[in-house]
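Here are some points on the strand pairing and helix packing of this model, set out for a colleague who has it open alongside. The sheet is taken up before the helices.

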Amino acid sequence: MNVFVARPHGYCSGVIRAISLAKEVRSRHRDCPVFVLGSIVHNEDVIQELEDLGITTVRDIQKRPAQLLEELPDRSVVIFTAHGHEVSLDEIAKRKEMIVYDATCPMVTTNHRIILNELKNGHQVIYIGKKNHPEANAAASLGDDVFLIEDEKDFLLLKIADKSPLVINQTTLSQIELANIHDLIMHKMPAARIADEICNATRMRQKAVLDLDVNTELVYIIGGDNSSNTASLAEMARKRLPHARVIRILNEREIDEKELEGINAVAVVSGASTPLETTNRVVLKLNLLK
Ligand code: SF4
């Protein structure tokens, strides 16, 4: 069995920055609890590593981030995640006199700057992103004239006055999915202005999937099941290799030997928040099983 490892793998720069910041905050505030509001990145192994260092992830799918923040003690040390955060959280943190550290990825911050500039100039903004994803929620919170759509269906239901809105997107979407929505928007709204904001880390990993050998029979996509960039990689792999089996795993423990029966060519692809050590352990296990 041939085991091919797609590159790049290991953390993207935004994830490296967020994890380093969390560790730095932990050492700076040795004598008090440190909280991360939501998942610092969408990978449970990373979150566990931070928990082991005494950094508590605060999350509950039944509650909005604002509610979770309200429930923390006043003057807590809080880290906002790499995905960006909703505008209302700044006011809550200020009122509760919290010590805040912001791990927002610079690519996401750039996205926000572009959106705010459009709003300042009186434009409306169509934001393509995943509903309920923190990055999309953060962008949508920038103003009432930001309209979050997830797909073509949402766009067709959208009613906005601006004939020349800015069309921008979550940084981790699939290029194929995004191109389809852009085509529809430009067909219906020829004066719309497109800002393709898929980040480079996502783009390079997607390119690696598009370059996979056509004879690949099985693709393991390593990453958290709530990771948007990992979901995009899986979607692209399914489109690129319709005959192959595409399986999403968090780590080597989720590989089932039976999946490999009769397989001659397997590829390993990692998301931007997947630790390099995890990818190495997956490859090692596959090499032992071949
Ligand atoms: Fe930043 Fe892109 Fe990494 Fe997200 S995937 S943290 S936007 S570099």
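1. Two strands are taken to pair if DSSP finds at least two bridges between them. On that criterion this model, which is a predicted one, contains an open sheet of 4 strands in the order S7-S6-S8-S9, and the pairing in this sheet is parallel. Strand S7 (146–149) and strand S9 (193–194) stand at its edges with a single partner strand each, so that one side of each has no neighbour in the sheet.

2. Within this sheet, S6 and S7 are joined in the parallel sense over 4 bridges, and isoleucine 128 has isoleucine 149 in S7 as its bridge partner. Strand S8 (residues 166–169) pairs with S9, likewise in the parallel sense, over 2 bridges, and here leucine 166 is placed opposite arginine 193 of S9.

3. Two helices should be read together with these strands. Helix H5 (residues 106–120) lies across strand S6 (125–128), S7, S8 and S9, and runs at about 160° to S8. Helix H8 (residues 175–188) also packs on the sheet, where it touches S6, S7, S8 and S9, and its direction makes about 155° with that of S6.

4. The connection between S6 and S7 deserves a separate remark: together with helix H6 (residues 134–140), the two strands make a right-handed β-α-β unit. A right-handed β-α-β unit is also made by S2, helix H2 (residues 44–52) and S3. In that unit, strand S2 (residues 34–37) and strand S3 (residues 55–58) run parallel and are joined by 4 bridges, with threonine 57 in S3 serving as the bridge partner of valine 36.

5. Turning to helix against helix, helix H9 (residues 200–210) packs with helix H10 (residues 228–240) at an angle of about 25°, and their axes are 9 Å apart. Since angles under 35 degrees count as roughly parallel, H9 and H10 are therefore described as roughly parallel to each other. The crossing in which H9 passes H10 is right-handed.

6. As to which residues make this contact, H9 contributes Thr202, Arg205, Gln206, Val209 and Leu210, while H10 contributes Asn229, Ser232, Leu233, Met236, Ala237 and Arg240. Sorted by character, the residues of the contact of H9 with H10 comprise 5 nonpolar, 4 polar and 2 charged, and a description of this helix pair might give that division alongside the angle of about 25°.

Technical notes:
Residues numbered from 1 in each chain as written. Predicted model: local features only at pLDDT ≥ 70, side-chain atom pairs only at ≥ 80, totals over all residues. Heavy atoms only, no water. Axes fitted to C-alpha atoms, helices over the stretch in contact; angles between N-to-C directions. Parallel < 35°, antiparallel > 145°, perpendicular 65-115°, else oblique. Left-handed = near helix turned anticlockwise from the far one by under 90°. Contact = heavy atoms within 4.5 Å. Nonpolar A, V, L, I, M, F, W, Y, C, P; charged D, E, K, R; others polar. Right-handed = clockwise from strand over helix to strand, strands pointing away.
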